Amino acid sequence: MGAEHQITAGFMPLFDSAVLVAAGELGFAAREGIDLALHRETSWANIRDRIAIGHFDLAHMLGPMPLACNLGLTPLASETIVPFSLGLGGNCVTISNAVWAGMAAHGAVPDLDPARAGAALGAFIRERAAAGREALRFAVVHPHSGHNYELRYWLAACGIDPERQIEIVIVPPPFMADALATGRIDGYCVGEPWNSAAVAAGTGHIVTVKALLWRNSPEKVIGARKAWAEQNPEALAALLRALHHSARWCQDPANRAELAALMAQPGFLGQEAAVQMPILTGHLQLGGGAQRAVEDFFVPFDKAANFPWKSHALWFYTQMVRWGHVAHTPENLAIARDCYRPDLYRSALKPLGVALPGANAKVEGALKVATPVGSAGASLVLGPDGFFNGQIFDPDEIDAYVDSQKTTLGEA
Amino acid sequence: MIRTSLAVLVIDENRIRASIIEAGLREAGHQRVTVIHDVSGIARRIAEIEPDVIVIDLENPNRDMLENMFQLSRAVKRPIAMFVDRSDQASIEAAVDAGVSAYVVDGLRQERVKPILDMAVSRFNAFSRMARELDEARSELESRKVIDRAKGILMKSRGLSEEAAYMLLRKTAMNQNRKISDIAQSLVTAAGLLGPGDE
């Protein structure tokens, strides 16, 4: 073939690997001189191991996972950097029919509103506790995941202590709907298509979505072994350009059917194309016949979705501190600050003349509406990026944010 | 110093491979071996068994769940770490290449565990080899069947001897730089399309 660069990448069978998969399958990588070999994996632990021993140069990863590697929270970790984000949003919180009935009795309506759903869930949880029933069990895909942190953020903000009032366990995404149907768990937070799958089976209700908990918030990223990235700067830059073109293609509504068909193939998700459409359209069936169109439900390209904001990494870091995954020290903060690499993204994309954010971090929650920002001549629209409870995360005020979260949890 | 034998838990959804590992461990003198194919309710099983070493196949999607469980001291009585974490690079690569990983109770000396992992790695490799050979044997058998059918078609339609029919297939394959079985398959398919539908 005579490709200039050989890159081996791992991915998990989740829709948000689409930008990476399309880069390899639809020729975006080849056009940049890259022979991109994609390997499907069965667990995040495998991805971590294969990155560490050099089977993979980079991989589709959970946003907080590279931080966890660099902070020494996982076995066999190698230093990992994030030069590219694979999109914003895409997750939902899904609960069993029984929990939905309990919430509905406390005022829940199928409108996905996080505050209303959280209040109803809290009332139902307190009612169960008073009756001496066991705590509800929720599942997430990994302890160091956006799913775990956004579920906990939502619950805590609604006065539910995720450490004491519910139980949180780990279940692989493809098993979520089944675990819910058989009653082994009462709810979960996962990416698509595993929420729509439970709704389609009649065994679950979607109660809220990531895109409403924190508008345009980070989810999966490209994690690259730092040693590889440093030794192969040209290959990495070429790949980032390929991913940029792929992401633009994935965002285009005209390509939805083709993208859904690609991801439906047995080597990728192996789920029929129709199941891939809710994440692409944002039009969700919530269960019981209710439906809702969610703006910016999953954003693979627009709103600077691929920019690896340091403020995203730092928010994940504050949640790791909040839930006791890591101690808040100047050293750990520095590690978290260095993990996401907007400098690499910028230098790779500069030759394309595309719009780039002017800063490496932003105050999360500052943009209440979509806002055009001037940068490098071209136009770019950011946000809205607000948290549902109106809180602001200022990456320059980490100590104060960490302290304020201690208080919030203590009162829960 | 008397050493109590190690309790080993093998988690593998592939029953045949699990029993091969189990047999290997028993041959090596490990009497306390438990095999689990299904991870539902595994926290309780781990609490009962109190394994010193856990061997798991890398195809198992529940590794993330297990690792999280090992980190929560509430779920397991004794802290469990990933074996390869403090092992040498060669062992790590051998294990991942073979498709197996191991977790051990904290504080357990590496030299006591390494033979177990080495054994698991070699048995995993042996199993993959066996599965590959079985696949090859199966496709070999399939090819032979299809070549026989193609020969039959040629013998009937062109009045060739069996040997001449085979030579023709082989020559065509060589000229087209394809496998004989591929040429045979094309011929069988074509004959099926062209031939009388009721045959």
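In this predicted model, strand E6 of chain A (residues 91-96) is joined by 5 bridges to strand E10 of chain A (residues 204-209), and the two run antiparallel. Within that pairing, A:Thr94 stands opposite A:Ile206 of E10(A). E6(A) also has a partner in strand E9 of chain A (residues 187-191), again through 5 bridges and again antiparallel, and here A:Cys92 stands opposite A:Val190 of E9(A). Because 6 of the 6 residues of E6(A) are buried, this strand is largely enclosed by the rest of the structure.

The strand pairings of chain A that are described in this report can be set side by side.

| Strand pair | Bridges | Direction | Example of partners |
|---|---|---|---|
| E6(A) and E10(A) | 5 bridges | antiparallel | A:Thr94 and A:Ile206 |
| E6(A) and E9(A) | 5 bridges | antiparallel | A:Cys92 and A:Val190 |
| E1(A) and E3(A) | 2 bridges | parallel | A:Ala9 and A:Leu58 |

The last of these pairs belongs to an open sheet of 5 strands in chain A, whose order is E2-E1-E3-E11-E4 and whose pairing is mixed. Its edges are formed by strand E2 (34-40) and strand E4 (80-85) of chain A, each of which pairs on one side only, and from one strand to the next the twist averages 30°. Inside the sheet, strand E1 (residues 5-11) and strand E3 (residues 58-62) of chain A run parallel and are joined by 2 bridges, with A:Leu58 of E3(A) as the bridge partner of A:Ala9.

Helix H1 of chain A lies across E1, E2 and E3 of chain A, and runs at about 130° to E2(A). H1(A), which spans residues 18-25, also meets helix H13 of chain A (residues 256-264): their axes come within 11 Å and cross at roughly 90°, which makes H1(A) roughly perpendicular to H13(A). On the H1(A) side the contact involves A:Ala18, A:Val21, A:Ala22 and A:Glu25, while H13(A) brings A:Leu259, A:Leu262 and A:Met263. Sorted by class, this contact has 6 nonpolar residues, no polar residues and 1 charged residue.

Turning to helix H10 of chain A (residues 210-213), one of its residues is A:Ala211. A:Ala211 counts as buried because it has 22 C-beta neighbours inside 10 Å. Leaving aside residues up to four places away in sequence, A:Ala211 touches A:Gly89, A:Val294, A:Asp296 and A:Phe297. A further relation links A:Ala211 with A:Phe388, since the two are separated by 177 residues in sequence and by 9.4 Å in space, taken from C-alpha to C-alpha.

Between the chains, 16 residues of chain A are in contact with 17 residues of chain B. Helix H3 of chain A (residues 44-52) gives the most to the side of chain A that touches chain B, with 5 residues, and by class that side has 9 nonpolar, 5 polar and 2 charged residues. H3(A) is itself mostly covered, as 9 of its 9 residues are buried, among them A:Trp44, A:Ile47, A:Arg48, A:Asp49 and A:Arg50. Just after H3(A), A:Gly54 takes a positive phi of about 90°.

For chain B, the domain assignment gives domain 1 (8-132) and domain 2 (138-194), and the C-alpha centres of domain 1 and domain 2 of chain B lie 48 Å apart.

Key: Residues numbered from 1 in each chain as written. Chains lettered and ligands numbered in written order. Predicted model: local features only at pLDDT ≥ 70, side-chain atom pairs only at ≥ 80, totals over all residues. Axes fitted to C-alpha atoms, helices over the stretch in contact; angles between N-to-C directions. Helix = DSSP H or I, 4+ residues; strand = E, 2+ residues; numbered from the N terminus. Parallel < 35°, antiparallel > 145°, perpendicular 65-115°, else oblique. Contact = placed C-beta atoms within 7 Å. Nonpolar A, V, L, I, M, F, W, Y, C, P; charged D, E, K, R; others polar. Pairing = 2+ DSSP bridges. Domains from an automatic or database assignment. Buried ≥ 20, exposed ≤ 12 C-beta atoms within 10 Å, placed from the backbone.
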